[in-house]
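Biologist: I keep reading labels like "buried" or "salt bridge" and never know what earns them. Could we go through some together?

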Amino acid sequence: MIRIPKSDFRPGDRRKIKVNDKELLIVYLGADRFYVADSKCPHLGCDLSKVGVVIREELVCQCHFTHFSLVDGKAIKGATKKPIKTYKVTVEKEDIIVED
């Protein structure tokens, strides 16, 4: 479990964090809508903190234009059908809590 202050984020922010041996991507869409996923694309391992684009609740890997749902990690369309791992996020007062 990771606890991060909400005040560290502004709407539209994407940030990579390292937790133990994992690199995670945190996406903040505003109004307490935080999403967390692995920062590597399951297709070719592209770094989504650098090549990922957020469109509504989708994360698009620009390496081969695969669209992933930020809600459940499913590959919606593109070069792979492999999902991206997502993590449960809870907003508690002034913090966000990311669970494994």
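Modeller: Sure, here is a chat about the labels and the values behind them.

Modeller: One thing up front: this is a predicted model.

Biologist: Okay, let's start with charges. Why is the pair Asp-95 and Arg-3 called a salt bridge?

Modeller: Look at the closest N and O atoms of Asp-95 and Arg-3, which are 3.2 Å apart. The cut-off is within 4 Å, so the pair earns the name. The two partners are 92 residues apart, with Asp-95 in strand β10 (residues 95-99) and Arg-3 in strand β1.

Biologist: And what makes Arg-3 partly exposed?

Modeller: Its relative accessible area is 45%. Buried would need under 20% and exposed over 50%, so Arg-3 falls in between.

Biologist: How do you know that Glu-57 and Arg-33 meet in a salt bridge?

Modeller: For Glu-57 and Arg-33, the N to O value is 3.8 Å. That still fits within 4 Å, so it counts. This pair also links distant parts of the chain: Glu-57 sits in the loop between β5 (52-55) and β6, and Arg-33 in the loop between β3 and β4, 24 residues apart. Both are partly exposed, Glu-57 at 31% and Arg-33 at 37%.

Biologist: What makes Lys-16, Glu-23, Lys-40 and Asp-47 one network?

Modeller: Shared partners! Salt bridges that have partners in common join these residues. One of the links is Lys-16 with Glu-23, at 3.7 Å from N to O. Overall, the structure holds 8 salt bridges.

Biologist: Now the strands. How do you know that β3 and β4 pair?

Modeller: Count the bridges: 5 of them join β3 to β4, and the strands run antiparallel. Pairing takes at least two bridges, so β3 and β4 pass. As an example, Leu-25 has Ala-37 in β4 as its bridge partner. The hairpin of β3 and β4 has 5 residues between the strands, and Gly-30 takes a positive phi near 95 degrees there.

Biologist: Why do β4 and β9 (residues 86-92) count as a pair too?

Modeller: They share 2 bridges, in the antiparallel sense. The requirement is at least two, so β4 and β9 meet it. Here Ala-37 stands opposite Thr-86 in β9.

Biologist: What makes β1 (2-5) and β2 (14-19) edge strands?

Modeller: The sheet is open, with 6 strands in the order β1-β10-β9-β4-β3-β2. β1 and β2 each pair on one side only. For β2, the pairing with β3 is antiparallel, over 6 bridges.

Biologist: Why is β4 described as largely enclosed by the rest of the structure?

Modeller: Because 4 of its 5 residues are buried. For each of those, the relative accessible area is under 20%.

Biologist: Last one: which residues have the most contacts inside the largest nonpolar core?

Modeller: Cys-41, Leu-48, Cys-61 and Phe-68, in a core of 13 residues. The elements giving two or more residues to this core are β3 (22-28), β4 (34-38) and β6 (58-61). Leaving aside neighbours within four places in sequence, Cys-41 is in contact with Cys-46, Leu-48, Cys-61 and Phe-68. Apart from this core lies another, of 12 residues, including Phe-9, Ile-26, Tyr-87 and Val-98.

Definitions and conventions: Residues numbered from 1 in each chain as written. Predicted model: local features only at pLDDT ≥ 70, side-chain atom pairs only at ≥ 80, totals over all residues. Heavy atoms only, no water. Core = buried A, V, L, I, M, F, W, Y, C linked by side-chain atoms within 4.5 Å. Buried < 20%, exposed > 50% of the residue type's maximum accessible area, 1.4 Å probe, protein only. Contact = heavy atoms within 4.5 Å. Salt bridge = Lys/Arg side-chain N within 4 Å of Asp/Glu carboxyl O.
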